[in-house]
Every structure is written in structure tokens, then in C-alpha cells.
Amino acid sequence: MAQETLESLINVMLTLSLPEQEIVIERLQNNVRILSRGSVTPYTMEEIDARLDESERQFEEGQYFTTDQVFHPEYTKVAI
């Protein structure tokens, strides 16, 4: 990561409240733990294509979530 981008991220983080900073740090530490285990492997192009095909099939069959269902589940009922 470019040093300038890293500095920008740090500056943004410093604008957060202490509880928000603690949440960010906890998530970053969790991500580092996952990555350091070496269990994360990138998808192959075939896997990506298969996932896209499956998603397109589900969309055509009406199996999807609306924006409201994703971002405001307390106000919507999921029919899937």
C-alpha cells in the first residue's frame, strides 16, 4: 500500500471516537489473525464464473434481497 494512502487511512481513523477506533482495531486484528493462518486463498476464475452463474440464476428466479431488506431489515420482511 502506498505510504500516502496509509497515512490517509490513519488520519481518517483519528477522526473517529474512541469506541469507534476500538471497533476498527478489533476488526483489523481479526483480519490479521485470519490472514496469518494462511487459510485464505484467492478464488480461481472458474470459481468466480460459477458463483456469478449461480447468482444470475437466483436473480432470474426472483431469489434476491432488495436494498431495504439488506440495509433496513427491521422495516421489511424477507420472503426468501
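In this predicted model, the count of aromatic pairs comes to one. The two partners are phenylalanine 59 and tyrosine 64, whose ring centres are 5.0 Å apart and whose planes make an angle of 35 degrees, an arrangement described as tilted. A pair of aromatic rings is described by exactly these two quantities, the distance of the centres and the angle of the planes. The tilted label applies because stacked pairs have planes under 30 degrees apart and edge-to-face pairs have planes over 60 degrees apart, with the rest counted as tilted.

How accessible are the two residues of this pair? Phenylalanine 59 has a relative accessible area of 55% and is therefore exposed, since that class begins over 50%. Tyrosine 64 has a relative accessible area of 42%, so this residue counts as partly exposed.

Attention can now turn to the charged side chains. Side chains of opposite charge can pair when their charged atoms come close. The model holds two salt bridges. In one of them, glutamate 54 meets arginine 57, with a nitrogen-to-oxygen distance of 2.4 Å. Both residues belong to helix α3, which covers residues 45–60, and they are three residues apart, about one turn of the helix. Arginine 57 also forms a salt bridge with glutamate 61, where the closest N and O atoms are 2.7 Å apart. Glu54, Arg57 and Glu61 are thus joined in a network of salt bridges.

Are the members of this network buried or exposed, or do they fall in between? Glutamate 54 is partly exposed at 33% relative accessibility, and arginine 57 is likewise partly exposed, with a relative accessible area of 32%. For glutamate 61 the relative accessible area is 47%, so this residue is partly exposed as well.

A further surface feature is nonpolar. Which residues make up the nonpolar patch on the surface? The patch is formed by Leu6, Leu9, Ile10 and Leu14, which together have about 360 Å² of accessible area. One of these residues, leucine 6, is placed in helix α1, which covers residues 3–14. Leucine 6 has a relative accessibility of 36% and so counts as partly exposed. This value also fits the patch, because patches are made of residues with over 30% relative accessible area and no salt bridge.

Definitions and conventions:
Residues are numbered from 1 along each chain as its sequence is written. This is a predicted model: local features need pLDDT of at least 70, side-chain atom pairs count only at pLDDT 80 or more; totals for chains, interfaces and linings use all residues. Side-chain values use heavy atoms; hydrogens and water are left out. Rings of Phe, Tyr and Trp (its six-membered ring) pair if their centres lie within 6.5 Å; planes under 30 degrees apart count as stacked, over 60 as edge-to-face and the rest as tilted. Buried means under 20% relative accessible area, exposed over 50%, partly exposed in between (1.4 Å probe, protein chains only). A salt bridge is a side-chain nitrogen of Lys or Arg within 4 Å of a carboxyl oxygen of Asp or Glu. Helices (H or I, at least four residues) and strands (E, at least two) are DSSP runs, numbered from the N terminus. Patches are made of residues with over 30% relative accessible area and no salt bridge: like charges are joined within 9 Å, nonpolar side chains (Val, Leu, Ile, Met, Phe, Trp, Tyr) within 5 Å. Accessible areas come from the Shrake-Rupley method with a 1.4 Å probe; for residues, only the protein chains shown count as cover.
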